[in-house]
Structures are given as structure tokens and as C-alpha cells.
Amino acid sequence: MSGTLEWRAEAATTGQAADVRSLNGLDHITITLRDGSRSNRLTVLLIVNGEPFQPLLEYFRERNFSLASEEIYARAVGQLIDFLSTRGHEFQELKLRPNFFNSFAHALKHGTVVGGFDPSGLWWVPRTSHNVSQLLAAAVEVSDWLVLRADATPLNPWRKASAAEQIAFWRRWNRATANSLLRHLRPAHAFEQQPLARRNASPALRIAKAEEPPPAFPEEHFSRLLFEGFARPGKGGSALLHVRQNVRDMMVALLMHGGGLRVSEPFHLFASDVFENPHDPSIAFVRVFHPSDGVIEFENAHGIPTKLNREAYLKLYHDRMPLDQAGKRTGWKNNLVNSNGLYMPVHWFPSAYGQLFLQLFRAYLEHCRPPSSLPWLFLTESGLPMTAKAYAHQYAAAIRRLGIRARKSDGTTPHGHRHAYGQRLSAAKQQGLIDEKIVQLCLHHRSVASQHVYTKDSIVDITRILERANQMIFETSQSRIGEEKFGATLTNGAAH
């Protein structure tokens, strides 16, 4: 399909639209639907004043971003268009035009509400520096592309021009100060070389922060989560495990907590990706293949051994697409994979989790997995592929049954299990039982530096280290004399 209207009409008649919502927009909304010109993949369409913003769609087709990235770009351009429509008139004077993007940056950073009022009607609240950085970078990138793509004549008057022409018009006036808007994205030494007047152009600041290890799921609650949180209501009296428990959700939790997988990764598994470990048949050997490029080997209808990548297999044999292309919530990071087939092996730590997983896997296939021709291991009750979004609802309910809240700061969200796994590995490394390379391979990081987040000392760790140092260094007769003198000084001071 070539034209936006034809593409849009098909979405309306076939029910292809996946999501429609406003992103704090006055004059725009975004629609997430499928683009026929890109093999029916999901894309974001920006609707401005009731009409598709065709230039952004063309930009996405050129760049081939992920869906999550497209949402950021659509939000940035939508915010820029809203700013144009509400405050563009403030910069019509020739001498004020170079200030347009600078004012846009300040509005993103500090908001537009003053004293409880907002004459512009934008009602933007202050954003974090990271968020401002993302939006500014995206808005400037698309604006530069518009200028290069169609270097139109100056607008006269600009109010009657299209949104794309207006963006290009204002971008031309702000080319000289473009770098200053994003100065926090450059290295510190480059920033120091900028003139002072340009340094003050961007409101985004970098705040120095002392990083701690990411919050991990509390180890003392994991067994309760498995056997109490994932218990089936009203089935506690049954002697059969698969009747008492939600076996599928227990398996996903084990893959995250005992195998270190991210919450989206278990759902790419096919049922054929799990088997007994050849070195220890009591432990499950799980291979998580790249959802599109990963290899699958099978016998075709003629009994001939066949090897395909998974995207081709799903399309040819099931008329499906990989889950990472079906929505952003079941994505795939750029993980380190085995070159022979493009898969990540799950390394159980401790191995007891791998033993329990294998037992649950057998029970799940025999009693729980709905009949389905689809290859995915984890299915819904209706036989469709389970997703990370659906699992998040199940997980939150399981956490509530334990009487605790699902909070990122407490490590009680799904990703907290990967953090717990990483910190277990870190503890083993600190004891000299494994090395840094093993930690990298277990977490499937492409770089050894990526797992350093798990080795950071927490406040509790630092306190314990200082207490040990205090005992070794300061608990001497000389230091005690000093403490007595210090104590006397405090006493005398209090007396006065």
C-alpha cells in the first residue's frame, strides 16, 4: 500500500488498529497499527488535527525503528506541533525567531504551568533531564530531516502552511543553536569548549548520582511466591500439583529468578526448546532462541529434516509473526547468543531451580498446556501465545496474595528476579567461586561491563564494610583514649 489514506482505510475496515491514545496532546493523537508497506509490522501513525502526519510515517519507513523508538519520536513531534500551535505566534518577529527551539526546550524541561495557570493551554509538567534529552534529540532529528527533504520557500504567512512546513521553517531559524539544545548529550570536554552564551541555552542538567544495585526480589519470599502466590484459589485441597498451582506462571518465575531471564524472554520459547540436560538428566536444559533469526529444526510434511529461521517458520507454517514484532511488551534485547543457532542457554543458579522447572515442565505439557498447533511453550487458556503484558497481571495478583506490594523500589516486580539472579552471581564472584566472564555469560551480556550494576555496593554493604574497618583500625587503646576525650568535650559542652 502506498498512500496513507488507503493504508488508514484498511486499518479501519479490518480492525488492524492496536491502540489509539493521546500523548498529552492538544492537536494530535497516536495510532498504533500495521503498515502494509513494511510486511504488516506495527508502526505508529501521528494524527494531527484529524489528519495523518505523512512525513513522520515516511521517516519511520526510512529509518526502520523499533516500535518503542517510534513512540518516542511521535511523542516528540506531537509535542513540537502542540508548541507551534499554541506559542508559535510569540516568535513571529524576526529577532525572536532564533529563540523558538530554545523556548521549546525550556517548556519541556520546566513545564508551562506558572502559579497554577497556563495561558498556553499546554499544561506541561516538568520532565526529567533524561526525558527532555530523548524528546529534544528526536524532535531536532526529524526537523533536520524535514529541512533536508523539502527545503521550501519561507512561509508567507507561515500560519497557513502545513505542520511539516512550519517545523522546517522554525528549524532553519534555529540551526545555529541546535547543538546547544542537546549539549548534555556530548562529552564534558566538548561542552567546556562551547561559548558561555551557548552553554546556557539548554535547561537540561546532569545530576551526579551515587548508584546502588538495582532492587532485587527478596530471596525469603520466592518460595512463598511459587507455592502461595501462584496457588489456584479454592484448589488447595487437591493432592495434584497441577490442580493446586498455576504451573505455567510458576515456570516463568523460575526462568526469571533461577535462570536470570528478563520478563519478556520466556514467552519466545517453543515447547521444543526444553529438554533434559545431557550432563544431568534431572535438570532442564532450556534454550531461548532469537525470536526472528533463531534457528528451528524440524521434519516437514514429507518427513524431510528442515532448518529455517523462526520468522520464516512461523510465517510459512502458522501464518504468524514472532512475538517481538507483534508488540513492544514482548521484546528482545541485543543479547549475547550462541552462534550455533542463535540461542541463549539458561544457566540455573542454584541448580535446584532447574530440577523443579523440569518437573513442572513435564506436568505442564501433560496436564495444563491447552491443545494448540502453535509452537510456543506458554499459552493462554484459549490457546494463544502468552505475553509479558498478560503475565504482569497474573504476577501482580500473585504478589498481592502474599500481602506485599509490587513495587520496583522493593524489587517485587518481575524484573526484580533478574536482579536477584545477578546479585547471587556477584556474591559467588566476590567469594572467588566464579569469575567475571562467567557472570557475563550467565546474564547473556554482550559486554563484561554490563553486569557491573550487580556488583555495586549497597548502603547496607558499605555500612558493614565500615563497621569491620572501624573494628580493625579504631578499636585500640589509643583510639579509646581519644574517644574518652571526645566524650568529655561533649559532656562539658552540654554542661555549659
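Reader: How many bridges pair E5 with strand E6?
Author: Four bridges, and E5 and E6 (residues 280-289) pair in the antiparallel sense. Strands count as paired if DSSP finds at least two bridges between them. Strands (E, at least two residues) and helices (H or I, at least four) are DSSP runs, numbered from the N terminus.

Reader: Which residue in E6 is the bridge partner of valine 274?
Author: Valine 286 in E6 is the bridge partner of valine 274.

Reader: Hang on, what kind of model is this?
Author: A predicted one: local features need pLDDT of at least 70, side-chain atom pairs count only at pLDDT 80 or more, and totals for chains, interfaces and linings use all residues. Residues are numbered from 1 along each chain as its sequence is written, and side-chain values use heavy atoms, with hydrogens and water left out.

Reader: OK, what does the pLDDT average over the protein?
Author: It averages 80, and 74% of the residues score at least 70. pLDDT is the predictor's confidence in each residue, from 0 to 100.

Reader: Which elements have the lowest and the highest mean pLDDT?
Author: Helix H9 (residues 196-199) is lowest, with a mean of 35, while helix H12 (residues 247-257) is highest at 98.

Reader: Back to the sheet. In what order do the strands come?
Author: The order is E5-E6-E9, three strands in an open sheet with antiparallel pairing. E5 (274-277) and E9 (343-345) are the edge strands, each with a single partner, so each has one side without a neighbour in the sheet.

Reader: New topic: why is helix H4 largely enclosed?
Author: Because eight of the 11 residues of H4 (residues 100-110) are buried, the rest of the structure largely encloses this helix. Buried means under 20% relative accessible area (1.4 Å probe, protein chains only).

Reader: Which residues in H4 are buried?
Author: Among them are Phe100, Phe101 and Phe104, along with Ser103 and Lys109. Those three phenylalanines also belong to a cluster linked by ring pairs, together with Phe83, Phe91 and Trp124. Just after H4, glycine 111 takes a positive phi of about 85 degrees.

Reader: How many aromatic pairs are there in the whole structure?
Author: A search finds 27. One of them joins tyrosine 59 and tyrosine 73, tilted, at 6.0 Å centre to centre with 45 degrees between the planes. Rings of Phe, Tyr and Trp (its six-membered ring) pair if their centres lie within 6.5 Å; planes under 30 degrees apart are stacked, over 60 edge-to-face and the rest tilted.

Reader: Where do those two tyrosines sit?
Author: Tyrosine 59 is in helix H2 (residues 54-63) and tyrosine 73 in helix H3 (residues 67-87), 14 residues apart.

Reader: Buried or exposed?
Author: Tyrosine 59 and tyrosine 73 are both buried.

Methods:
Buried < 20%, exposed > 50% of the residue type's maximum accessible area, 1.4 Å probe, protein only.
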